[in-house]
Amino acid sequence: GNQPAGKTRGGEIAMQNIVKDFGHFRAVNDVTLKIASNEFFTLLGPSGCGKTTLLRMIAGFEMPTKGSILLDGAGIASLPPNQRPINTVFQNYALFPHMTVADNIGFGLKMLGRPKAEIEKTVADMIRLVRLDGREKNLVTQLSGGQQQRVALARALAPQPKVLLLDEPLSALDLKLRKSMQIELKRLQMETGITFVFVTHDQEEALTMSDRIAVMSEGQVRQIGSPWEIYDRPAERFVADFIGETNFLTAEVVSVSGDRARVRLASGAEIPASFPANTTPSGKVTVVVRPEHARAAPVSGASVLRGTIHDIVYLGTDTHLHVVLEDGTPFMVRQQNARSGPCGYDKGETLGIELSDDVAQILRD
Ligand code: ATP
């Protein structure tokens, strides 16, 4: 491969038609996906959608009811969890409170019977990697939550697994710390070259860190793509709704040319729109426009839509204008705030809405 010397080559995971039933309840319903070597891959979805169950099957804590899981092309069904080159970091860290930082990090290597000198060297490398220099001899109970999370990461990385599974590892941290750990995790993944499979229900966290995201609901993968694709090219309503703030408009397809369509909105305005691959939009469709791609303006010829302001929410960086369009459809405009003063609009005011070029996305039926 072309990865820098000293890096582990991350494992490649292929899941084929995975089904998991708990009694009569189907928690995972026919999931097929490939996670590339060295990828930061995120399973994103609401509580109960089956993310953790999928992760536990990769780890070997659960067996699929149907389907197969391959690691670097070979089936791993017969391997118990401790014989898979895969490690897991849990939300609650699961550290040993009576042990030092160094002993916690070296624990897995000790269990594997590695020589003492090798363990010491690896522990020192890991301490540096997660930036806990000077804390080696502390008990983990003497550390902050963020530092404990670093110990848990170091311990899981120490045996150089091919794949690291992370199940909501940042959810116990406060917002500021969580944001800095997001950047830290991405750095760790890039420096080690280990494949990371990350589970979260937090869409912003997924967008921040991932090379690719699989959006899940009710045991199924709804869409897989880069953060940009998931946010700007959602293929269906669930994905558009789950990620960020979204406006839904009904529209009529006027024409299709290549990968672009023109649609007529209820206001009569015609705008360009993109659509998901392998579909040919026609007739009545639902179109997505993100609030930051719309601008409030006086009603004029350039207004694509017209409506009345029902609510104004000031958010520091932005102001959200909650508008109701002429046909009764709710529509949100996100205006960037200037330092010169509030946005200048009032509730009840009628305004025009202009759209940036090419901001509309047609959803799959
Ligand atoms: P969360 O973010 O809340 O952990 P999740 O997306 O990770 O949600 P899972 O933990 O994978 O969801 O659970 C998926 C569904 O399977 C849930 O409805 C859950 O109640 C059910 N489930 C999970 N494990 C078991 C089990 N051992 N026995 C029965 N049902 C289970």
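This passage walks through the fold of a predicted model, from the whole chain down to single residues.

Starting with the overall picture, the chain has 365 residues, and 35% of them are buried. Its C-alpha trace spans about 75 × 50 × 45 Å along the principal axes. DSSP-style bookkeeping gives eight helices and 20 strands. Contacts that link distant parts of the sequence are well represented: of the contacts between residues at least 6 apart in sequence, 67% join residues at least 24 apart.

The chain splits into two domains, with domain 1 covering 13-232 and domain 2 covering 245-362. Their C-alpha centres sit 39 Å apart. The UniProt record, an unreviewed entry, puts a feature called "domain: ABC transporter" at residues 13-243. That annotated span is 36% helix and 26% strand, and the C-alpha atoms at its two ends are 25 Å from each other.

Early in the chain there is an open sheet of four strands, ordered β2-β1-β4-β5 and paired in the antiparallel sense. The edge positions go to β2 (25-35) and β5 (74-75); each has a single partner strand, so one side of each lacks a neighbour in the sheet. At the β5 end, β4 (residues 66-71) runs antiparallel to β5 and is joined to it by two bridges. Here L71 faces A74 of β5.

Strand β3 (residues 40-44) contains F40. This residue counts as buried because 23 C-beta neighbours fall inside 10 Å, where 20 or more is the cut-off. What does F40 touch, once residues up to four places away in sequence are set aside? The list is K186, Q189, F196, F198, M209, S210 and D211. The C-alpha atom of F40 is also 9.5 Å from that of G193, although the two residues are 153 apart along the chain.

Strand β6 (residues 86-89) is buried on both faces: I86 and T88 point one way, N87 and V89 point the other, and all are buried. Its parallel partner is β7 (residues 163-167), held through four bridges. Within this pairing, V89 lies opposite L166 of β7.

Among the helices, α3 (residues 116-129) makes a handy case study. Its 14 residues reach 20 Å from the first C-alpha to the last, close to the 20 Å expected at 1.5 Å a residue. Which residues of α3 are buried? They are I119, T122, V123, M126 and I127. These residues cover an arc of only 140° around the axis, which means that they share the same side of α3. A117, E118, K121 and R128 are exposed on the other side. The cover over the buried residues includes two helices, α2 (101-111) and α4 (145-157). Just past the end of α3, R131 adopts a positive phi of about 60°.

Zooming in on α3, M126 belongs to this helix and counts as buried because it has 23 C-beta neighbours inside 10 Å. Leaving out residues up to four places away in sequence, M126 touches I105, A154, L157 and A158. Of these contacts, I105 falls within the 101-111 range of α2, while A154 and L157 fall within the 145-157 range of α4. M126 and G106 are 20 residues apart in sequence, with a C-alpha to C-alpha distance of 9.4 Å.

Moving on to domain 2 (245-362), strand β13 (residues 270-274) has two unlike faces: I271 and A273 form the covered one, whereas E270, P272 and S274 form the uncovered one. Five bridges tie β13 to β12 (residues 260-265) in the antiparallel sense. The two strands make a hairpin with four residues between them, and in this hairpin G268 takes a positive phi near 100°.

How does β13 pair with β20 (residues 360-362), parallel or antiparallel? The pairing is parallel, over two bridges. A273 features in both pairings of β13: A261 stands opposite A273 on the β12 side, and A360 is the bridge partner of A273 in β20.

Methods:
Residues are numbered from 1 along each chain as its sequence is written. This is a predicted model: local features need pLDDT of at least 70, side-chain atom pairs count only at pLDDT 80 or more; totals for chains, interfaces and linings use all residues. UniProt positions are given in the numbering used here, feature names are shortened, and annotations may be inferred rather than shown by experiment. Two strands pair if DSSP finds at least two bridges between them. Domain bounds come from an automatic or database domain assignment. The expected span of a helix is 1.5 Å times one less than its number of residues. A residue is buried if 20 or more other C-beta atoms lie within 10 Å of its own, exposed if 12 or fewer, and partly exposed in between; C-beta atoms are placed from the backbone. The arc is that of the directions from the helix axis to the C-beta atoms. Two residues are in contact if their C-beta atoms, placed from the backbone, lie within 7 Å.
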